[in-house]
Amino acid sequence: MTLADGVRQGQQRAIARAISLVENDLPGREELIDRLYPSTGKAVVLGLTGPPGAGKSTLLDRLLSEERKAGRKAAVIAVDPSSPFTGGALLGDRLRMQSHALDPGVYIRSMASRGHLGGIAGATADAVKIFDAAGYDRVIVETLGVGQTEIEIAQLSDLVLLVLVPGLGDEIQALKAGIMEIGDIYVINKSDKDESARLRAEVDYVLSLANPTPERPVPPVVMVSALFDRGIDDLIDSIAGRLQRYAETGEIDRRRRLRLRRELRQQLQSKINDHIERKVEIDRQMDQWVERLISHQETPYALINRQIEWIFKEMDRS
Amino acid sequence: MERKIRILIAKPGLDGHDRGAKYIARALKDAGYEVIYTGIRQSPESIVRTALQEDVDFVGLSLLSGAHNELFPAVVDELQRQGAQDVVVFGGGVIPDSDIAYLRDKGVEAVFTPGTSISAVIDFIEANRERVVSR
């Protein structure tokens, strides 16, 4: 039996191996994804993002309980940062979700970002496909704690939950651009804290500045306390309502097309890049180019344009 | 790119003292490994299920309660039952020297007692790198 067969049958170890394969970009990665692709497209992909310490993992623990009550199988991909210095990572998100460790309908996988910017890992999109093909109804991707620009989750998900908490001071101002624009549902966690009402008012104000469209109306704001298990019902209702609306307006299809377009472009660019690097051994040339620039024998754009002409000629010859 | 080594650090049983486990998790992260930490009071079954889902190469068990002779081998046995005997198990904590031979015999491949330097743990992992990477 192949690895792809094991994944499609939902075998735990096959799924684990498959994700490691794509994560380490080992031989067989492309074949595996191509074999699984026909079985994908059924799972709903939820993104869960927000600043560090917002309580994303604790909230996710509660959401998992609700998914299970509704009879859905759920997979979690929890991304944490890799150290840019050592490459190591401490993956601690599942600490808050271990109550689901023995549930056969829940699969939790931690992923290190491995230098990928954007709040997720380079292999997260493939891992989503693996869970989708393995028959999970919901795939929930938890980003690492994000700041202003880690918005790649929006390109990967059918629906994004942006989790905010009181006590971050004026941070919401800073969050206005970028991340504040990607939430389909705004979740204010730690609603037990006094300052949560003020945060709510600020969020409402920021959202009132947005331009809603029929496809993408003003996002709901939901107050929850994951720790005290409050407001989770409201959140579940909001998720269901939004998903239904997006399905009706064609928003989900639009996002999936956009996602495919982006993935194709990325793959195309990286493959073309690899091909050129291999053909003309750019790394070997690079030293000479740097020398010519540092000694001011040449100017940067003149050099690069001349080299590009040369690269295309080389490619034509081969 | 070199294949990343993944290590699960887990605390079986009922003792809630996780300073040692957290220390080792951090130190291994600083040494460049991907470390999954699950917190205290895990059953051998949940540790093994976590190890399988996370596709780890090593499971490091930390225990200070004295139940290591039962719980460490229970994890090794459960891994075996799940067909994951290729995962390398090591342990640490307050473990009398007289128990170490027994634990090794039960499949716990290394036991690190208080005062062990972190480099001994890293040496152990590196000595097994080839084996786990080729599995």
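## Where the two chains meet

Contact here means heavy atoms within 4.5 Å. With that in mind, let us look at how chain A and chain B touch in this predicted model. Chain A brings 30 residues to the contact, and chain B brings 31 residues.

The size of an interface is often given as the accessible area lost when the parts come together. For chain A and chain B, the buried area comes to about 2600 Å², with carbon and sulfur atoms giving 47% of it. On the side of chain A, the residues that lose the most area to chain B are Gln12(A), Arg13(A) and Leu90(A), which together make up 23% of what that side buries.

## Charged and polar links

Six salt bridges are found across the interface of chain A and chain B. One of them is easy to look up in the structure: the side chains of Arg17(A) and Asp55(B) meet at 3.4 Å, N to O. The interface also holds 27 residue pairs in polar contact, counting pairs with both residues at pLDDT 80 or more.

Which elements of chain A supply residues to this side? At least two residues each come from α2 (12-23), β3 (89-91) and β4 (106-112) of chain A. By type, the residues of chain A that touch chain B are 12 nonpolar, 11 polar and seven charged.

## Strands paired across the chains

One of those elements, β3(A), also pairs with a strand of the other chain. Its partner is β2 (residues 34-37) of chain B, and the two run in the parallel sense over three bridges. Within this pairing, look for Leu91(A), which stands opposite Ile36(B) in β2(B).

Technical notes. Residues are numbered from 1 along each chain as its sequence is written. Chains are lettered from A and ligands numbered from 1 in the order in which they are written. This is a predicted model: local features need pLDDT of at least 70, side-chain atom pairs count only at pLDDT 80 or more; totals for chains, interfaces and linings use all residues. Side-chain values use heavy atoms; hydrogens and water are left out. Buried area is the accessible area (1.4 Å probe) that two parts lose on being put together, summed over both. A salt bridge is a side-chain nitrogen of Lys or Arg within 4 Å of a carboxyl oxygen of Asp or Glu. A polar contact is a pair of N or O atoms within 3.5 Å; within protein, one must be able to donate a hydrogen and the other to accept it, and residues adjacent in sequence count only if both atoms are side-chain atoms. Helices (H or I, at least four residues) and strands (E, at least two) are DSSP runs, numbered from the N terminus. Ala, Val, Leu, Ile, Met, Phe, Trp, Tyr, Cys and Pro count as nonpolar, Asp, Glu, Lys and Arg as charged, and the others, Gly among them, as polar. Two strands pair if DSSP finds at least two bridges between them.
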